[in-house]
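Got the viewer open and a selection box ready? Let's take a walk through this one, stop by stop.

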Amino acid sequence: IIATPYIGLWRSRYAIQENPLVSIVIPTKDRYEFIGRCLNSIFRVSTYHNYELVIVDTGSTDPRVWKLYHDVKSQHQNIVIVKWNKTFNFAAVCNYGVEKSRGQYIILLNNDTEIISPNWIESMLEHAQRPDVGAVGAKLLYPDGRLQHAGVILGVGGGLEKGVAGHAFKYYPDTPHGGHLQMMHSIRNYSAVTAACLMIAKDKYQQVAGLDPRFRIAFNDVDFCLKLAKQGFANDYTPYAILYHYESVSVGTPKAGTRNIKEFGQEIELMHRRWEDLLQNDPFYNPNYTLEHENFSLRLNARDVI
């Protein structure tokens with residue numbers, strides 16, 4: 001147990017057992033500037049070196065991207081490039097990448113991320129190796145330093161009539177005393193974490209059959225984590241694995257009109273059919289907090305008070 005820079009917070013460190021191979025699975029297409037920055041940050045920053053990269057290209061036509069692949073393969077060992085020639089499906093693409101991997105542990109990583117903390121792999125691995133832990137998520141920041149992800153809260157609407165999930169403390173500044181009870185700086189359990197950067201033991205990934213392709217774009221990670229929880233695994237968030245995330249640059253967002261709204265609605269309905277009770281009662285979120293926002297504020301409307 002060691003002290004942290006945050007008043008009242010201590011950190012339990014777990015010794016990493018042996019030196020397991022970690023497979024980093026990155027679905028990507030074109031976006032040369034993003035995949036280049038992502039790969040370069042992994043090579044430049046990471047202090048854990050027993051990893052392989054499994055890049056799943058889903059149809060790049062930019063010649064710069066293919067040259068980048070050629071260059072990284074010639075300069076680094078353990079680089080695997082595989083092609084996905086079917087219709088894009090984020091869940092199925094991730095599952096395909098995991099099938100092609102050799103590691104004992106898997107990191108699902110978006111191509112629109114950039115590594116900040118050198119020990120990001122170790123910080124997730126120390127928890128992913130624990131028998132009772134399923135998925136481990138990271139602290140993700142927007143480029144301006146505000147929080148993008150510090151765990152997932154179930155049932156948050158974000159303006160939708162039927163809420164599914166939202167990111168804890170989204171848009172909060174990442175300051176030493178920010179966030180409710182400094183939870184953004186604490187290793188803690190959540191019902192789910194985002195697959196933008198998620199580590200898990202490969203055998204646990206396979207135990208729950210990976211990501212469900214019925215969630216082609218949205219909520220596949222939340223569904224995945226809830227399947228793990230149903231099997232008795234805890235899902236952890238660690239603030240010590242820190243990355244920038246240029247959210248959804250590849251697949252777009254519903255608000256931007258770059259996703260199929262009808263399909264998005266079907267994914268919402270499927271989540272509610274499958275996990276209705278949990279979406280209304282997140283066991284890691286006080287029922288007296290709002291489901292309108294991700295800021296842990298109290299429910300103020302009379303109809304919402306429990």
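What share of the contacts in the chain with a separation of 6 or more comes from residues 24 or more positions apart? The figure is 76%, where contact means heavy atoms within 4.5 Å. Before you click further: this is a predicted model, in which local features need pLDDT of at least 70 and side-chain atom pairs count only at pLDDT 80 or more, while totals for chains, interfaces and linings use all residues. Residues are numbered from 1 along each chain as its sequence is written, and side-chain values use heavy atoms, leaving out hydrogens and water.

**The whole chain**

Start zoomed out, in cartoon. You should find seven helices and 14 strands; these are DSSP runs numbered from the N terminus, H or I of at least four residues for helices and E of at least two for strands. The radius of gyration is 19 Å, close to the 19 Å that the globule rule gives for 306 residues, so the chain is as compact as a globular protein of that length. That radius is taken over C-alpha atoms, and the rule is 2.2 Å times the number of residues to the power 0.38. Along its principal axes the C-alpha trace spans about 60 × 50 × 40 Å.

Now switch on the surface. About 13900 Å² is exposed, with carbon and sulfur atoms supplying 51% of it; the areas come from the Shrake-Rupley method with a 1.4 Å probe, and for residues only the protein chains shown count as cover. Of the 306 residues, 58% are buried (buried is under 20% relative accessible area, exposed over 50%, partly exposed in between, with a 1.4 Å probe and protein chains only).

**Two cores**

Next, select Leu 108, Phe 169, Met 271 and Phe 296: these have the most contacts inside the largest nonpolar core, which has 55 residues. Another core, of 37 residues, lies apart from it, and Ile 24, Ile 35, Tyr 51 and Met 199 are among its members. A nonpolar core here is a set of buried Ala, Val, Leu, Ile, Met, Phe, Trp, Tyr and Cys residues joined through side-chain atoms within 4.5 Å. In soluble globular proteins, nonpolar side chains tend to be buried together.

**Rings and charges**

Stay on Phe 169 and add Tyr 172, Tyr 285, Tyr 289 and Phe 296, and you have one aromatic cluster on screen. The whole structure holds 12 aromatic pairs. In one of them, Phe 169 meets Tyr 172 edge-to-face, at 5.5 Å centre to centre and 70 degrees between the planes. Rings of Phe, Tyr and Trp (its six-membered ring) pair if their centres lie within 6.5 Å; planes under 30 degrees apart are stacked, over 60 edge-to-face and the rest tilted. Phe 169 is buried at 0% relative accessible area, whereas Tyr 172 is partly exposed at 25%.

Two arginines deserve a click as well. The charged end of Arg 11 sits over the ring of Tyr 240, 3.8 Å from its centre, and that of Arg 188 sits over the ring of Tyr 190, 4.1 Å from its centre. To qualify, NZ of Lys or CZ of Arg must be within 6 Å of the ring centre and within 35 degrees of the ring normal.

**His 167 and the covered helices**

Jump to strand β11 (residues 165–167), where you'll find His 167. His 167 counts as buried, at 14% relative accessibility. Leaving aside neighbours within four places in sequence, His 167 touches Gln 148, His 149, Gly 151, Val 152, Thr 194 and Glu 294.

Then try helix α3 (residues 90–99). Eight of its 10 residues are buried, so α3 is largely enclosed by the rest of the structure. Its buried residues, including Phe 90 and Cys 94, pack against β3 (22–28), β4 (51–57), β6 (105–109), α5 (202–207) and α6 (220–230). Over in helix α4 (residues 120–128), nine of the nine residues are buried, and these include Trp 120, Glu 122 and His 127.

**Loop stops**

Which loop holds Glu 18? Look between β2 (10–11) and β3. Glu 18 is not a glycine, yet has a positive phi of about 60 degrees, and at 75% relative accessibility Glu 18 is exposed. Asn 78, in the loop between α2 (63–75) and β5 (79–83), also has a positive phi, near 60 degrees. Asn 78 is partly exposed, at 35%.

Finish at Ala 218, in the loop between α5 and α6 and buried at 7%. Draw a C-alpha to C-alpha distance to Glu 263: 9.4 Å, with the two positions 45 residues apart in sequence numbering.
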